[in-house]
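Q: I'm new to this structure and would like a close look at one part of it, the largest pocket. Could you walk me through what surrounds it, and then show me how the rest of the chain is laid out?

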Amino acid sequence: MPPAGARSSTVHRQANKRRQEQAEAKKVRDQKIATIVKQYDVSHTGGLNKAELKALLTDIHNEPPTDEEIEWVLKESEKDADEMVTAGELEHALQLYADHRHLKPEIEVYFQKYDKEGNGELSREEVKTLLTDLGGKEPSDKDMDWVLERSDVLKNGVITKPELMLAITMWYARVNEEEESGSSCCTIL
């Protein structure tokens, strides 16, 4: 067995090597992202506007995203509300949309069941019914305010298909928060 100092030195070398590999991988990723932005930024603004982002996502997925999906990706991924996705925001935007596409079949099932008006949007009451069915507990008005405030990214007063999984996630977070704090029930013996 090598002396303790030699083992420590080997561990440090391995850690440094991993850090260097990660830095190089990030550099390569950043270069690819910059190349993509340059290719699709036909307006020469340094970022992708709605039309340019739509073109990119269409090319990647062979199917155009809806205007609602584009608006959602923009609002969720941009940091400075400039109505465009910059190179620093693009990786997050691409991951958001890929995750959304992966969940689309499940989202469609929820909308078929709960979108009573068939307008592609869930009203507060429709969301409340869905969350009650999922969680077994009816959300209070305060719970609904909390969930909708965090998940209505488009700020249009309804939950759209791209926003639905966030609303469900927020509801589960709210229920878990209440359970952990014990605020939802108290028994005095």
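A: Let's start with who contributes what. H4 gives the largest share of the lining of the largest pocket, five residues. Keep in mind that this is a predicted model. H4 covers 87-114, and it has company: helix H3 (67-77) and helix H7 (161-181) also supply at least two residues each to that lining.

Now for the residues themselves. If you want to find the spot in the 3D view, look for Trp72, Glu76, Leu96, Asp99 and His100, which are among the residues lining the pocket. The rest of the list is Leu103, Ile107, Pro162, Met165 and Leu166. By character, the lining splits into seven nonpolar residues, one polar and two charged. The space inside comes to about 160 Å³.

Stepping back, the chain holds seven helices and four strands. Read from the N terminus, the elements go α-β-α-α-β-α-β-α-α-β-α. With a radius of gyration of 22 Å, well over the 16 Å that the globule rule gives for 189 residues, the chain is more spread out than a compact globule. Its C-alpha trace spans about 60 × 60 × 30 Å along the principal axes.

One more pair of helices is worth a look while you're here. H5 (residues 124-135) and H6 (residues 141-151) pack at an angle of about 105°, and their axes are 11 Å apart. That angle is why the two helices, H5 and H6, count as roughly perpendicular to each other. On the H5 side, the contact is made by Arg124, Val127, Lys128 and Leu131. H6 answers with Asp141, Met144, Asp145, Val147 and Leu148. Sorted by type, the residues of this H5 and H6 contact are five nonpolar and four charged, with no polar ones.

Notes:
Residues are numbered from 1 along each chain as its sequence is written. This is a predicted model: local features need pLDDT of at least 70, side-chain atom pairs count only at pLDDT 80 or more; totals for chains, interfaces and linings use all residues. Side-chain values use heavy atoms; hydrogens and water are left out. Axes are lines fitted to C-alpha atoms, for helices over the stretch in contact, and angles run from 0 to 180 degrees between N-to-C directions. Angles under 35 degrees count as roughly parallel, over 145 as roughly antiparallel, 65 to 115 as roughly perpendicular and the rest as oblique. Contact means heavy atoms within 4.5 Å. Ala, Val, Leu, Ile, Met, Phe, Trp, Tyr, Cys and Pro count as nonpolar, Asp, Glu, Lys and Arg as charged, and the others, Gly among them, as polar. On a 1 Å grid over the protein atoms alone, a cavity is a set of points where a 1.4 Å probe fits but cannot get out, and a pocket is an open set with protein on both sides within 12 Å along at least five of seven lines; lining residues have an atom within 4 Å of a point. Grid points are joined across faces, edges and corners, and a volume is the space filled by probe spheres set on the points. The radius of gyration is taken over C-alpha atoms; the globule rule is 2.2 Å times the number of residues to the power 0.38.
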